[in-house]
Amino acid sequence: MTAMQAESRIGSLWQQRMDALREYDVVRDGNVFRAGLAGSCVFSSEYDRAHALLGELVSRYDGVEFDTLFPGKEILNGGGSCVALESRHTLPATTIDTARLAQEMFRDLTLVHGVGDVSERRLKARGYRTIADLAEHPKFRSAARQVLERLTRADPNDVMDLVGSRHAKSHPFALGTAGSFSPEDYVFLDIETLGLFSRPIILFGVGTIEEGHLVVRQYLLRDISEEAAALAATVEQVSGDRPALVTFNGKAFDLPYVQDRLAYYGLRAISRIPHFDVLHFSRRRWKGQFLSCRLSALESEVLGVTRTDDVPGQMVPEFYETYLKTKNCGPLVPIVDHNRQDVVSLALLFFNLLGETCGCL
């Protein structure tokens, strides 16, 4: 089946199945225990506000044309067509200094197989201060030389694998490998879907750094049949000469979800590239300090961002369903705004964490 045939088929199928999209529970405000047991939930106050907002949007934007509300660029590719919305955002000026972090890595003897915390202290007491020193040790020299070669080669994926094999994958050394990239190499990705498993992606938010600004391109589906085109446009953004993918919970959700949708259309998967999941590093940095490490909580606590007229991610399918049924574009407004802010907050949190790790000046 070609991508074009698939997009026609998926459009008709999903129009028929929209009524069965709900995949969350509505939980009474303050019922933390119930919320913890629910796989996905929305507190009752959020639910009520979202439904009130939905009604307001349908009334406010009655009769407003799509192109008037979302003036974007038409994207045409092998998957068909979709709309690309573009916005530019100011980023704080930062300077990344990776020299200190590199020195710390070369002094971490536990990166060498067979060396633990206790043996590291003993070795350093005997004069083996760095991995280069350990390369002359009669027992550890072979393993130390292998690590030394990997660190010197400084391939980001390889260094992340090395760190993950000896430390937690959220270790600052893993994040520090991001400092070896130019800002223009980062690709920030966030998606909005019609559910949790194998359902269409209706909006792809992709952020890149251009001339010191964060440029967010959002590939929006005017109809479910445009998913293949939006997928192809997104993959092109992640296929540069040296991309480094940055997501929030993207290792568990966004990237596997995108790969699954690419497979559905018979499109080539995204190749293995360095992937920095900000959720993991955020939990290591702020767990216990804040009640939640959700993106919305961290952007409020760390960035001072407060959202208005936001739609809970779990309720995005209902807003999009209303748009499809009524052809009223109003319900798309908070979805687009939500996704855009997710990408902006993702980038700001990433640079915040990277700055702490690599010594922003």
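Start by selecting Phe188 and Phe351 and showing their side chains; Phe188 is buried, and so is Phe351. The model you have open is a predicted one, and every stop below is a place in that model.

**Stop 1: the aromatic rings**

A search of the whole structure turns up 13 aromatic pairs. In the pair on screen, the ring centres of Phe188 and Phe351 are 6.1 Å apart and the planes stand at 55°, so the pair is tilted. Colour by secondary structure next. Phe188 belongs to strand 5 (residues 186-193) and Phe351 to helix 16 (residues 332-358), so the two rings tie together parts that are 163 residues apart in sequence.

Now extend the selection to Phe181, Tyr186, Phe276 and Phe350. Together with Phe188 and Phe351, these residues are linked by ring pairs into a cluster.

**Stop 2: the whole protein**

Zoom out. The protein has 16 helices and 9 strands. Of its 361 residues, 50% are buried. Turn on the surface: the accessible area comes to about 17,400 Å², and carbon and sulfur atoms account for 50% of it. Among contacts with a separation of 6 or more, 68% are between residues 24 or more positions apart.

**Stop 3: the nonpolar cores**

In soluble globular proteins, nonpolar side chains tend to be buried together. Hide the surface and select Phe70, Phe204, Tyr219, Tyr320 and Ile335. In the largest nonpolar core, which has 54 residues, these five touch the most other members. Which helix gives the most to this core? Helix 11 does, with 6 residues.

Centre on Phe70. Leaving out residues up to four places away in sequence, Phe70 touches Leu85, Leu220, Cys329, Leu332, Val333 and Val336.

Then select Tyr186, Leu298, Val344 and Phe350. These are among the members of a second, separate core of 52 residues. Tyr186 and Phe350 were also part of the ring cluster at the first stop.

**Stop 4: helix 11**

Select residues 227-237, which form helix 11. Is this helix mostly covered or mostly open? It is mostly covered, with 8 of its 11 residues buried. The buried residues are Glu227, Ala228, Ala229, Ala230, Leu231, Ala233, Thr234 and Val235.

Pick out Thr234. It counts as buried because its relative accessibility is 1%, and the cut-off for buried is under 20%. Show what surrounds it: apart from neighbours within four places in sequence, Thr234 is in contact with Leu189, Phe204, Val206 and Tyr219. Of these contacts, Phe204 and Tyr219 were selected at the previous stop as residues of the largest nonpolar core.

**Stop 5: Arg261 and its partners**

Stay with helix 11 and select Glu227 along with Arg261. The two form a salt bridge, with the closest N and O atoms 2.9 Å apart. Arg261 is in helix 12 (residues 254-264) and Glu227 in helix 11, so to speak of the pair is to speak of distant parts of the chain, 34 residues apart. Are these two residues buried or exposed? Both Arg261 and Glu227 are buried.

Add Tyr264 to the view. The charged end of Arg261 sits over the ring of Tyr264, 4.7 Å from the ring centre.

**Stop 6: other salt bridges**

Side chains of opposite charge can pair when their charged atoms come close. The whole structure has 18 salt bridges. Select Asp342 and Arg307, whose side chains meet in one of them (2.5 Å, N to O). Asp342 lies in helix 16 and Arg307 in the loop between helix 14 (295-301) and helix 15 (316-326), so this pair ties together parts that are 35 residues apart in sequence. Asp342 is buried, with a relative accessible area of 8%.

Next, select Glu149, Arg150, Arg153 and Asp158. Salt bridges with shared partners join these four residues into one network.

Move to Glu136 and Arg145. Their side chains meet in a salt bridge too (3.9 Å, N to O). Glu136 counts as exposed at 56% relative accessibility, while Arg145 is partly exposed at 43%.

**Stop 7: a loop**

Finish at Gln289, in the loop between helix 13 (278-286) and helix 14. With 48% relative accessibility, Gln289 counts as partly exposed. For a last distance, pick the C-alpha atoms of Gln289 and Glu301: they are separated by 9.9 Å, and the residues are 12 apart along the chain.

How values were computed
Residues numbered from 1 in each chain as written. Predicted model: local features only at pLDDT ≥ 70, side-chain atom pairs only at ≥ 80, totals over all residues. Heavy atoms only, no water. Phe/Tyr/Trp six-rings, centres within 6.5 Å; stacked < 30°, edge-to-face > 60°. Helix = DSSP H or I, 4+ residues; strand = E, 2+ residues; numbered from the N terminus. Buried < 20%, exposed > 50% of the residue type's maximum accessible area, 1.4 Å probe, protein only. Lys NZ or Arg CZ within 6 Å of the ring centre and 35° of its normal. Contact = heavy atoms within 4.5 Å. Areas by Shrake-Rupley, 256 points an atom, 1.4 Å probe, with all protein chains shown as cover. Core = buried A, V, L, I, M, F, W, Y, C linked by side-chain atoms within 4.5 Å.
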